[in-house]
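Below are some notes for your consideration, set out point by point. They begin with a single residue and then turn to the domains.

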Amino acid sequence: MRETSQPVIAIMGPTASGKTAAALEIARHIPSEIVSVDSALVYRGMDIGTAKPTKEEQAAVPHHLIDIIDPAEAYSAARFRKEALQLISEIQQRGKLPLLAGGTMLYFKALTGGLDELPPANPAIRARLDEEAARTGWPAMHKRLAELDPITARRLKPNDSQRIQRALEIIELTGKPLSTFHSGEKQTRLPFRLIPIALEPSDRSKLHERIAHRFDQMLENDRLIEEVAHLRSRDDLHPGMPSMRCVGYRQTWQYLDGEFDRKTLRDKGIAATRQLAKRQLTWLRSMPDRITIDCLAPDATRQVMACIDNLTR
């Protein structure tokens with residue numbers, strides 16, 4: 001692919017850093033369309049726990065890759081890359097600025113660095129691995145992975161069920177460890193000029209306060225609990241699915257199963273969201289070419305606008 005001088009803005013950052021608000025503000029000043037870079041926003045019927053942009057926000061600015069699949073389906077980084085590249089091209093042809101906004105750093109990495117070809121998910125293998133994990137626990141599954149693919153196992157925590165499952169699935173499907181697919185040597189040239197802007201907190205504790213406040217809003221009037229209860233009532237969903245492993249949903253499902261009380265649900269939900277934010281910040285720090293703006297600054301959005309104005313002249 002041949003690179004052009006046409007800019008594409010990437011608004012990145014941890015959860016609760018104000019990415020959606022920044023993207024909406026940019027779109028008010030510059031004709032733009034927003035491409036979501038969020039592995040949870042793709043699911044229909046998952047609105048509260050994902051902090052999905054409201055219908056009014058989506059009506060004000062065209063949004064893409066939101067509400068595109070059912071929670072029973074799977075979505076991959078490879079599919080995101082393919083669809084995002086197509087959308088960016090179409091948005092540019094319409095004479096608008098593509099705004100990539102979200103916190104799924106694996107998707108950003110897939111877009112900028114390319115991906116090795118991996119086999120699609122196999123529901124039968126995943127179901128069997130879930131059954132084994134239910135009997136032995138994910139730490140035991142992690143131990144098995146360490147014997148088969150020690151490189152991948154070293155970078156995964158013993159309870160990282162989703163990634164452990166995928167790594168074991170890859171071994172069964174291909175006969176090769178997942179680590180052999182990620183040599184780090186694959187490079188790709190994008191057909192546009194990507195400008196990565198990262199909204200990062202100068203004070204981690206302040207971000208934690210934002211996270212707690214937002215989770216409390218989700219629990220207000222039992223909104224999140226009712227949303228997960230509706231999903232839980234379906235016959236085709238279970239807690240091992242990627243959609244139901246999303247932060248907030250997993251903990252609420254466990255609460256509805258009677259594993260703990262509401263206060264513990266709040267504590268676990270906030271703790272899991274903080275861990276997500278920590279992982280997102282770790283990813284961001286591995287991107288040396290990003291432009292960093294303090295998401296806690298009162299004029300953070302103005303700074304983003306000024307940055308874009310300078311870089312897109």
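1. In this predicted model, H64 is classed as buried because its relative accessible area is 17%, which falls under the 20% cut-off for that class. The residue belongs to strand β3, which covers residues 63–64.

2. Leaving aside residues up to four places away in sequence, H64 touches E33, I34, V35, S36, L87, I91 and R94. With one of these neighbours, E33, the side chain of H64 also makes a polar contact, at a distance of 2.6 Å.

3. As for the overall division, the domain assignment splits the protein chain into domain 1, made up of 8–115 + 186–312, and domain 2, which spans 123–180. Six residues from domain 1 and seven residues from domain 2 take part in the contact, while the C-alpha centres of the two domains are 26 Å apart.

4. Between domain 1 and domain 2 an area of about 480 Å² is buried, and carbon and sulfur atoms account for 28% of it. On the side of domain 1, the residues that lose the most area to domain 2 are P242, R245 and R250, which together supply 71% of what that side buries.

5. Which kinds of polar pairing cross this interface deserves a careful statement. The rule finds one salt bridge between domain 1 and domain 2, and the side chains of R245 and D130 meet in a salt bridge with an N to O distance of 3.5 Å. The count of residue pairs in polar contact between the domains, with both at pLDDT 80 or more, is zero. The residues of domain 1 that touch domain 2 comprise one nonpolar, three polar and two charged.

Terms used. Residues numbered from 1 in each chain as written. Predicted model: local features only at pLDDT ≥ 70, side-chain atom pairs only at ≥ 80, totals over all residues. Heavy atoms only, no water. Domains from an automatic or database assignment. Contact = heavy atoms within 4.5 Å. Buried area = accessible area lost by both parts, 1.4 Å probe. Salt bridge = Lys/Arg side-chain N within 4 Å of Asp/Glu carboxyl O. Polar contact = N/O pair within 3.5 Å; in protein donor to acceptor, adjacent residues only side chain to side chain. Nonpolar A, V, L, I, M, F, W, Y, C, P; charged D, E, K, R; others polar. Helix = DSSP H or I, 4+ residues; strand = E, 2+ residues; numbered from the N terminus. Buried < 20%, exposed > 50% of the residue type's maximum accessible area, 1.4 Å probe, protein only.
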